[in-house]
Amino acid sequence: MFRKVLVANRGEIAIRIMRACRELGIRTVGVYSEADRNALFAKYAEESFFIGPAPAPQSYLNMDAIFEVAHAAGAEAIHPGYGFLAENSDFAKRCEKEGITFIGPPCDVIDAMGDKIAARKSMKAAGLPVVPGTEEGIRDVNRAISTAEDIGYPVIIKASAGGGGIGMRIVRSPDELAHAIESAQSVAKSTFGDSTVYMEKYLEEPRHIEFQILADSEGNAIHLLERECSIQRRHQKLIEEAPSPVMTPEMRKEIGDTAIEAVRSIGYSNAGTLEFLYSKGRFYFLEMNTRLQVEHPITETVTGVDIVKEQIQIACGARLSYTQEEISPRGWAIECRINAEDPLNNFVPAPGKLRRYRSPGGPGVRVDSGVHTGYTISPFYDSLISKLTVSGRDRKEAIARMQRALYEYIIVGVITNIPFHKAVMGNANFRKGNLSTHFIDNNNIIAEVARVVEAEKEKGATLASALGAEDRKVAAITAAVATYISADKIQK
Ligand code: MV4
């Protein structure tokens with residue numbers, strides 16, 4: 001096993017990875033930017049090193065600084081977490097060159113899956129269903145018009161080097177096609193440095209369902225069931241659950257077995273996720289993520305597998321420690337991403353200082369967070385405060401538990417999206433499992449958020465005024481879940 005691992009990330013995910021290292025008896029090396037000098041993750045690591053100014057390009061994306069620390073500290077491996085360098089094949093390549101193990105898939109596979117056209121091709125070849133569309137990049141508009149005619153409108157134009165929704169264009173008639181292609185190409189060029197775009201049939205209001213897979217370097221692969229991540233806003237996931245309410249054991253076996261074959265066929269190793277759209281009873285492969293994902297805790301909760309420990313062991317050359325037969329869903333898990341953002345103002349980030357922070361606990365509650373009372377959420381990074389994961393014996397119990405856990409939260413000082421989560425948990429369609437990627441708009445959730453906020457305003461004011469009092473008193477009014485008090489209303 002590695003003796004020392006460098007974690008090239010920050011916040012809750014840095015802590016999550018260091019926790020796995022600690023359980024495996026591995027020493028941890030943290031790296032932090034100017035904005036994270038006092039952050040919890042930098043203290044959690046046995047050793048931590050400053051790597052540069054707050055803007056990510058000068059710190060968390062600064063490969064020279066990270067490798068300098070890795071060598072100075074004698075780290076044998078680097079875990080990139082998610083975001084930042086996690087899907088950067090140049091970083092994985094450089095790890096190899098510098099004699100440090102990258103805890104992730106081989107760099108050529110990161111490249112292969114980063115090319116969405118190539119990914120579609122290899123997954124289709126392995127037997128996974130893909131959305132009807134072009135097999136190659138679009139070169140000729142007239143040919144594109146005839147392809148669109150064949151597959152039927154609406155179609156969607158996507159960047160091959162993209163993913164995550166950037167530069168996508170939905171096209172509903174032939175006269176819009178040429179302009180959509182040009183515009184998608186131009187965004188693709190400026191964002192990814194590659195203007196290649198492709199076309200797919202556009203599925204209206206699909207569900208987003210993804211399979212977590214694990215593979216070792218001997219070619220063993222398993223899947224850890226699926227997650228449903230349909231509740232998103234502008235491609236930012238807000239609520240995820242596992243399993244999916246629409247999954248059947250038969251469908252899971254069919255897609256899961258094919259997914260395993262597919263990742264074996266591309267020589268994949270480590271953790272990865274196959275994203276699918278689900279529409280009218282059918283699954284369509286969309287893209288593959290070659291990293292540990294934000295929402296991995298729900299999968300850990302329903303399968304009992306510690307995904308990060310598996311990642312580290314696999315990177316060290318070990319075989320998978322589970323067989324597929326050992327994997328089955330144990331009840332239900334739901335994750336709410338608690339963000340410092342204003343759901344009543346277009347979800348704009350609301351960074352600032354946490355005057356009070358108290359997270360929920362009790363049966364079936366897991367909190368992944370890197371914050372504490374007095375911590376300042378920086379405008380330089382994402383606005384995640386905490387990932388709240390709950391489990392229950394079934395979906396109904398998980399929802400009740402989530403409502404109870406959301407009620408226990410005390411966050412004062414920044415606006416949070418907790419009222420949004422409360423609104424969703426109480427929504428009849430959510431409770432029935434009627435989800436889609438258009439869930440928030442289709443269900444008028446924001447109007448319901450406004451009602452939740454209104455109903456809690458008075459309790460919030462009570463809590464704010466109690467801030468001048470003893471902590472004991474604040475704790476006594478746990479019921480006053482003041483999640484919607486802006487910093488300027490706070491005295492202390
Ligand atoms: C689609 C689609 C409908 N049809 N592709 C958005 C992010 C990127 N990973 C792919 N995305 C979509 N691709 C076809 N052929 C709809 C979306 C989409 C979406 C997908 C998952 C979750 C939320 C979404 C929100 C809007 C659009």
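## Around the ligand

In this predicted model, a polar backbone atom of Leu203 sits 2.9 Å from a nitrogen atom of the ligand. Lys201 also takes part through its backbone: one of its backbone N or O atoms is 2.7 Å from a ligand nitrogen atom. With Glu200, the side chain is involved instead, as an N or O atom there lies 2.9 Å from a nitrogen atom of the ligand.

Now look at the wider surroundings. The ligand is surrounded by 18 residues. Glu200, Lys201 and Leu203 are among the closest, and Lys158 and Gln232 belong to that closest group too.

## A cavity between two domains

Next, let's turn to empty space inside the protein. Rolling a probe the size of a water molecule over the atoms reveals where such space is left. Here, one cavity of 30 Å³ or more turns up, and the volume of the largest cavity is about 40 Å³.

Which residues are closest to the centre of the largest cavity? They are Ile103, Thr290, Arg291, Leu292 and Gln311, out of 13 residues in the lining. By character, the lining divides into six nonpolar residues, six polar ones and one charged residue.

Where does the largest cavity lie? Domain 1 (4–103) and domain 3 (207–448) both contribute residues to its lining, so the cavity lies between these two domains.

## Cysteines without partners

Finally, try searching the structure for disulfides: the number found is zero. Why is Cys95 not bonded to Cys107? The closest cysteine sulfur to that of Cys95 is the one in Cys107, but the two are 9.3 Å apart, which is too far for a bond. For a disulfide, the two sulfur atoms would have to be within 2.5 Å.

Cys316 is in no disulfide either. Its nearest cysteine sulfur belongs to Cys21, and that atom is 11 Å away.

Is Cys95 buried or exposed? Cys95 is buried, and its relative accessible area is 0%. Cys316, on the other hand, is partly exposed, with a relative accessible area of 32%.

Technical notes: Residues are numbered from 1 along each chain as its sequence is written. This is a predicted model: local features need pLDDT of at least 70, side-chain atom pairs count only at pLDDT 80 or more; totals for chains, interfaces and linings use all residues. Side-chain values use heavy atoms; hydrogens and water are left out. Buried means under 20% relative accessible area, exposed over 50%, partly exposed in between (1.4 Å probe, protein chains only). On a 1 Å grid over the protein atoms alone, a cavity is a set of points where a 1.4 Å probe fits but cannot get out, and a pocket is an open set with protein on both sides within 12 Å along at least five of seven lines; lining residues have an atom within 4 Å of a point. Grid points are joined across faces, edges and corners, and a volume is the space filled by probe spheres set on the points. Ala, Val, Leu, Ile, Met, Phe, Trp, Tyr, Cys and Pro count as nonpolar, Asp, Glu, Lys and Arg as charged, and the others, Gly among them, as polar. Domain bounds come from an automatic or database domain assignment. A residue is near a molecule or strand if one of its heavy atoms lies within 4 Å of it. A polar contact is a pair of N or O atoms within 3.5 Å; within protein, one must be able to donate a hydrogen and the other to accept it, and residues adjacent in sequence count only if both atoms are side-chain atoms.
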